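This report looks at how the helices and strands of one chain are arranged and how they meet.

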Amino acid sequence: MLVAAPLPEDTDQEVRTQSDEISNDVMLDVLKAVNARVKKLDRSHDVPYVAGYSQNGEKVYIDRHMPKSFRHDGKRVDTDCFLILHEVFERALLDELGLHYLHAHQIALRSERAAVKRQAALEGI
């Protein structure tokens, strides 16, 4: 599992915005918090479907051919943080809630998409 349990005492400090909707600020908080919990990132292998995680969940793999960023409308967009978010959410939903892979993947995909949209709005893309 990627998140050590119990959570550190300062976990509440990660939350800077309270909302019932996924706002840009909330998504930024989530993106930063999830990425900070990943112990290892490995970009040295060929990875089917672009990204994945180790059996023990301590490492996220991103395909060595996947660009770390790309340019859109003259602005640089990082990719690793969104792939990490997807893999961490997917793994947590499988391990902690016992969801079927298809369901976990779709929820992770929607979270990833929300994070990308947040970044696009922030960057004015």
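The paragraphs below describe a predicted model, beginning with its sheet and ending with a pair of helices.

Three strands make up an open sheet, ordered β1-β3-β2, in which the pairing is mixed. The edges are formed by β1 and β2, each of which pairs on one side only, and neighbouring strands are turned against each other by 20° on average when direction is ignored. Between β2 and β3 the pairing is antiparallel and runs over three bridges, and within it glycine 52 has tyrosine 61 of β3 as its bridge partner. Helix α2 packs on this sheet, where it touches β1, β2 and β3, and the direction of α2 makes about 45° with that of β2.

The residue ranges of the strands are as follows.

| Strand | Residues |
|---|---|
| β1 | 40–42 |
| β2 | 51–53 |
| β3 | 59–62 |

Helix α2 (residues 80–97) also meets helix α3 (residues 101–123), their axes coming within 8 Å and crossing at roughly 150°. Because angles over 145 degrees count as roughly antiparallel, α2 and α3 are therefore roughly antiparallel to each other, and their crossing is right-handed. On the α2 side the contact includes Phe82, Leu83, Leu85, Phe89 and Leu93, while the residues that α3 brings to it include Tyr101, Ala104, Ile107, Ala108 and Val116. Taken together, the residues of this contact between α2 and α3 divide into 13 nonpolar, four polar and two charged; among those taking part are also His86 and Glu90 from α2, and His105, Ser111, Glu112 and Gln119 from α3.

Technical notes:
Residues numbered from 1 in each chain as written. Predicted model: local features only at pLDDT ≥ 70, side-chain atom pairs only at ≥ 80, totals over all residues. Heavy atoms only, no water. Axes fitted to C-alpha atoms, helices over the stretch in contact; angles between N-to-C directions. Helix = DSSP H or I, 4+ residues; strand = E, 2+ residues; numbered from the N terminus. Parallel < 35°, antiparallel > 145°, perpendicular 65-115°, else oblique. Left-handed = near helix turned anticlockwise from the far one by under 90°. Contact = heavy atoms within 4.5 Å. Nonpolar A, V, L, I, M, F, W, Y, C, P; charged D, E, K, R; others polar. Pairing = 2+ DSSP bridges.
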